[in-house]
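This report follows one helix and its surroundings, then turns to a helix pair and to a stretch annotated in a sequence record.

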Amino acid sequence: MSAQPEPVTEANLAKLNSESLLEGSGDHPPSSATVASPARSARSTLSFSQRTMESVNTMLIRSMVAVNGEPARLPTEKRKAPLSVATTAINFRGFVQKSGPVFVFQDAVEATLMWDDWLWTTMWMALWAVVSLHPRLFICVPPAIALTIMCNTFFIRFPITQEERDMSPGDALRASLRQGDILSEEPRAEPIEPRPVVEGELKYLLHMRDIQNMMRLIIDGYDHISPVVKFLNWSDVTRTLRIFQAAIVALVSLYFIAPYIPWRLTVFLGGELMLVHHHPWLKPALEAMTKQADPKPSTYKKTQRKHRLKQRVLDMLDEDRLPESVWQRGWKDMVLFENQRLQPGIRGGVEERRWNASNLKKDERRPWTRGSDGWSPSDEAATPGLHADQVPFALEEGYEWVEGDTWRIDWGGAWSSVGVDDQGYVYTDNSWSRPSPYAYGIDPKAPKRPIGAYKEEDDEHTIDEDEPGCQQRALTRRRRWLRRAVRIADAA
């Protein structure tokens, strides 16, 4: 657990200010009698490359993994100004006054991505195609930007008159050839100068609005990235170990694959697809195609084969890590079923928060049961909101839990005759019958009838309108959890 930061009090601020002043002052070098600390002495024995690698590794790991506390920063405090309310106010005022170009650039990028001006976005798509397919043109980008700025400011310094606007193209060309030396011509307007906005102006308030929205972007970005930490901080050792092994395989594979990747084409397609992805017509078109598509039950059979293949791979990886003693003594999987009901009155798309064990009726099965028919291990399993690891489960005589093993979802769904969905659930009607691997009548992207209401004929499907389940809705669902129990050594 990372150390909690000290509260910001007047005493701490005074301490920080004094330390910053002492560290930043060069008038009083340390005395030769000063004794180095053991940590500093130990670090001095390391080579420069070793200290560099240690610092980089520490910074990267703490930056990616730290959640509750900020990572330790590099030793740059002596070059930082001490914390001061007055300095903060002055810097914030100056930032508001002079941050206009940042937000102009941000607005230009956003307008390009969101197709606010389709001619402008199309032009950038063409430019990206030329530059990405000819990477040597990237070195021409800085002077091209400078030329663009100077051309724009030229027409501010020497604006076109109305007489020149009314000229025909031929007359304008002849006039440009007779144009005298620009150095001898008198400018028609004052040059554009950078001017910070003044408090009270409309632009000042617009800058404050943009700063407010930029802070929201940072907060949203942090909230989107922080959930990834749980996959990398070994909170779930098995899951992180799999990711670690996959990263090693990917690193070695990419090292040998990278020379054969067409990088120019990849960069070109990546940039173009990013712009196409944000086209305002794309999302409605995809949604319309999805709504019109009538998924066949045969497609779900292919999905079930993928689920069971995934389960076999996970089982092989888990069993490979079991100790030899477990293999010698033998084990078997214990079973728990998680039961949920849809919140009454809910219609439309399926959301996880709408399915809950607290919606179960008093006279039906409990949230956690040993069997798919609703038999519960104990009365405590009737408490909704419990995780599988919190449900009391009495083992059979002669068995004990495998050390380090926890409850896991059965992704394969071999216990179900119709298979399971991507979360391991089987959906049923109000009476826990007519199973299907999709929420029929609830999820608009799924068929409106349970899988048993379809009859396959020559890879096509027809609807049996006489089937009683045709007009039913999936109001209940359940999935299976597994955990390994090994024979006790004395009973083996």
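## The end of helix H5

The model is predicted, and within it Trp115, just after H5, takes a positive phi of about 60 degrees.

## Length and burial of H5

Helix H5 covers residues 100–113, and because each residue is expected to add 1.5 Å, its 14 residues should span 20 Å, a figure that agrees with the 20 Å between its end C-alpha atoms.

Gly100, Phe103 and Thr112 are buried in H5. The partners against which the buried residues of H5 pack are four helices, namely H4 (85–98), H6 (118–133), H10 (202–225) and H12 (263–277).

## Packing of H4 with H10

Two of these partners, H4 and H10, also pack with one another, at an angle of about 105 degrees and with their axes 8 Å apart. Since angles of 65 to 115 degrees count as roughly perpendicular, H4 is therefore roughly perpendicular to H10.

On the H4 side the contact is made by Phe92, Arg93, Phe95, Val96 and Gln97, while H10 contributes Tyr204, His207, Met208, Ile211 and Met214. Sorted by class, the contact of H4 with H10 comprises 7 nonpolar, 2 polar and 1 charged residues.

## The annotated stretch 243–263

An unreviewed UniProt entry lists residues 243–263 as "transmembrane region". In the predicted model, the chain over residues 243–263 is 76% helix and 0% strand, and the end C-alpha atoms of this stretch lie 26 Å apart.

Key:
Residues numbered from 1 in each chain as written. Predicted model: local features only at pLDDT ≥ 70, side-chain atom pairs only at ≥ 80, totals over all residues. Heavy atoms only, no water. Helix = DSSP H or I, 4+ residues; strand = E, 2+ residues; numbered from the N terminus. Expected span 1.5 Å × (residues − 1). Buried < 20%, exposed > 50% of the residue type's maximum accessible area, 1.4 Å probe, protein only. Contact = heavy atoms within 4.5 Å. UniProt positions renumbered as here; feature names shortened; annotations may be inferred. Axes fitted to C-alpha atoms, helices over the stretch in contact; angles between N-to-C directions. Parallel < 35°, antiparallel > 145°, perpendicular 65-115°, else oblique. Nonpolar A, V, L, I, M, F, W, Y, C, P; charged D, E, K, R; others polar.
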